[in-house]
Amino acid sequence: MRVYDCFFYVYHRLANCIGYCLALVAPLIVEPVMSFIRDAPAIAAYLFRLPAQLVAFLVISILKPVYRESYETHGLSLSSART
């Protein structure tokens with residue numbers, strides 16, 4: 001057996017062992033990463049939308065009396081004559 005053949009044999013066996021190890025370990029690493037990549041945009045959108053909802057709620061609560069007064073004075077009425 002020549003040295004080149006021995007080196008090729010060892011290299012081939014080592015490559016196969018590394019390939020088998022990666023085949024066993026890769027799903028354990030890839031699945032959480034893919035889950036994070038899939039869920040990160042939804043989480044980020046929720047976190048950015050939450051403060052906007054709070055601000056909109058506060059603005060609406062501040063403007064309610066103004067709209068109520070406007071509706072009572074200039075809005076629709078059941079009577080035929082406006083007051």
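The sulfur of C21 has its closest cysteine sulfur in C17, 6.6 Å away, which is too far for a bond. A disulfide would need the two sulfur atoms within 2.5 Å. In this predicted model, the count of disulfides is zero, and C17 is in no disulfide, with C21 holding the cysteine sulfur nearest to that of C17.

How open to the surroundings are these cysteines? C17 is partly exposed, at a relative accessible area of 43%, and C21 also counts as partly exposed, at 47%. L24, by contrast, counts as exposed because its relative accessibility is 66%, and exposed means over 50%. Here are the three residues together:

| Residue | Relative accessible area | Class |
|---|---|---|
| C17 | 43% | partly exposed |
| C21 | 47% | partly exposed |
| L24 | 66% | exposed |

Let's turn to the chain as a whole. The protein chain has one helix and zero strands. That helix, α1, covers residues 3-74, and L24 lies in it. Of the 83 residues in the protein chain, buried ones make up 1%. The chain exposes about 8,200 Å², and 73% of this area is supplied by carbon and sulfur atoms.

Which residues make the nonpolar surface patch of about 930 Å²? L24 is one of them, and it is joined by V25, L28, I29, V30, V33, M34, F36 and I37. So L24 brings two parts of the picture together: it is an exposed residue at 66% relative accessibility, and it belongs to this nonpolar patch.

Methods
Residues are numbered from 1 along each chain as its sequence is written. This is a predicted model: local features need pLDDT of at least 70, side-chain atom pairs count only at pLDDT 80 or more; totals for chains, interfaces and linings use all residues. Side-chain values use heavy atoms; hydrogens and water are left out. Helices (H or I, at least four residues) and strands (E, at least two) are DSSP runs, numbered from the N terminus. Buried means under 20% relative accessible area, exposed over 50%, partly exposed in between (1.4 Å probe, protein chains only). Accessible areas come from the Shrake-Rupley method with a 1.4 Å probe; for residues, only the protein chains shown count as cover. Patches are made of residues with over 30% relative accessible area and no salt bridge: like charges are joined within 9 Å, nonpolar side chains (Val, Leu, Ile, Met, Phe, Trp, Tyr) within 5 Å. A salt bridge is a side-chain nitrogen of Lys or Arg within 4 Å of a carboxyl oxygen of Asp or Glu.
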